[in-house]
Amino acid sequence: LLSHKYFYSDGKYAAPNSLREDAVSISGMNIFSSVTEIPVLLRYNIISNGKSKFFAGAGAVSSIVHREKYSYEYEKDGRSKWGYRHFNKSTDNVFSNLQFSAGYEKSVGSLGMVRVEPYYRMALNGIGAGDLPITSVGVNFGLIKYLR
């Protein structure tokens, strides 16, 4: 899954010296990340008939961070200042999140199956240049077409 993530974090979650080498105190960060997420999930069909399914899933998600842009606020010489950092291909993080989800699939005739799957991802370790532990929630929508 290719995703673009926009988020804010206060400085306490950034790894020391990840954005600056002069050990200043970072007080806030706005971050954009372009990430490929690779989920490895197990799914259990709770209710399944010919046309619909209710299911639950759990597993781990690995993240490959392609691009990151940090805009951060820091304190230096008693003054608040802004800094910017850009990273290309910053990190690969194997199994950085645990994912829990539940969902519903319904047959829509010859079109295939439509899937709606809310999920919760809990951070196992940090991702990106800032090594930030990212926890997220969302909904996956899908159209499944079996080719025969």
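Strands are DSSP runs of at least two residues in the E state, numbered from the N terminus. The structure described here is a predicted model. In this model, strand β2 gives the most to the lining of the largest pocket, contributing four residues. The volume of the largest pocket is about 230 Å³, and 15 residues line this pocket. Of these, L41, Q99, R115, E117 and N140 lie nearest the pocket centre. Two or more lining residues come from each of β2 (25–48), β3, β4, β5 and β6 (136–144).

In addition to the pocket, the structure was searched for enclosed space. One cavity of 30 Å³ or more was found, and the largest cavity has a volume of about 40 Å³. The residues lining the largest cavity are K5, E37, N97, R121, I127, I134 and S136.

R121, one of the residues that line the largest cavity, is located in strand β5, which spans residues 113–123. With a relative accessible area of 2%, R121 falls under the 20% limit and is therefore buried. Its side chain makes a polar contact of 2.6 Å with the side chain of Q99. Q99 is in turn among the residues nearest the centre of the largest pocket. R121 also lies over the face of Y119, at 4.6 Å from the ring centre. When residues up to four places away in sequence are not counted, R121 touches L1, E37, V61, N97, L98, Q99, I134, T135 and S136. Among these contacts, E37, N97, I134 and S136 are also found in the lining of the largest cavity. A second arrangement of charge and ring involves R43, whose charged end sits over the ring of F55, 4.1 Å from the ring centre.

Aromatic pairing was examined next. A pair of aromatic rings is described by the distance of the centres and the angle of the planes. The whole structure contains four aromatic pairs. In the pair formed by Y70 and F87, the ring centres are 5.8 Å apart and the planes stand at 90°, so the geometry is edge-to-face. Y70 belongs to strand β3 (residues 52–76) and F87 to strand β4 (residues 79–107); the pair therefore ties together parts that are 17 residues apart in sequence. Both Y70 and F87 are buried. Another aromatic pair, that of Y72 and Y74, is tilted, with 5.8 Å from centre to centre and 40° between the planes. Y72 is buried at a relative accessible area of 3%, and Y74 likewise counts as buried, at 8% relative accessibility.

Y72 also appears in the surroundings of G28. G28 lies in strand β2 and counts as buried, with a relative accessibility of 4%. Apart from residues up to four places away in sequence, G28 touches Y8, S9, D10, G11, S71, Y72 and E73. The C-alpha atoms of G28 and K81 are separated by 11 Å, the two residues being 53 positions apart along the chain.

A further buried site is centred on S62, which is found in strand β3. The relative accessible area of S62 is 12%, a value under the 20% limit, so the residue is classed as buried. A polar atom of the S62 side chain lies 2.9 Å from the backbone nitrogen of F95. The contacts of S62, not counting residues up to four places away in sequence, are T36, E37, I38, N93, V94, F95 and S96. E37 thus touches S62, and E37 is also a contact of R121.

F95, the backbone partner of S62, has a positive phi of about 50° although it is not a glycine. This residue is found in strand β4. F95 counts as partly exposed at 40% relative accessibility, because this category covers values between 20% and 50%. A positive phi, near 55°, also occurs at D77, again a residue other than glycine. D77 is placed in the loop between β3 and β4. Since residues over 50% are classed as exposed, D77 counts as exposed at 68% relative accessibility.

Notes
Residues are numbered from 1 along each chain as its sequence is written. This is a predicted model: local features need pLDDT of at least 70, side-chain atom pairs count only at pLDDT 80 or more; totals for chains, interfaces and linings use all residues. Side-chain values use heavy atoms; hydrogens and water are left out. Buried means under 20% relative accessible area, exposed over 50%, partly exposed in between (1.4 Å probe, protein chains only). A polar contact is a pair of N or O atoms within 3.5 Å; within protein, one must be able to donate a hydrogen and the other to accept it, and residues adjacent in sequence count only if both atoms are side-chain atoms. Contact means heavy atoms within 4.5 Å. Rings of Phe, Tyr and Trp (its six-membered ring) pair if their centres lie within 6.5 Å; planes under 30 degrees apart count as stacked, over 60 as edge-to-face and the rest as tilted. A charge sits over a ring if NZ of Lys or CZ of Arg is within 6 Å of the ring centre and within 35 degrees of the ring normal. On a 1 Å grid over the protein atoms alone, a cavity is a set of points where a 1.4 Å probe fits but cannot get out, and a pocket is an open set with protein on both sides within 12 Å along at least five of seven lines; lining residues have an atom within 4 Å of a point. Grid points are joined across faces, edges and corners, and a volume is the space filled by probe spheres set on the points.
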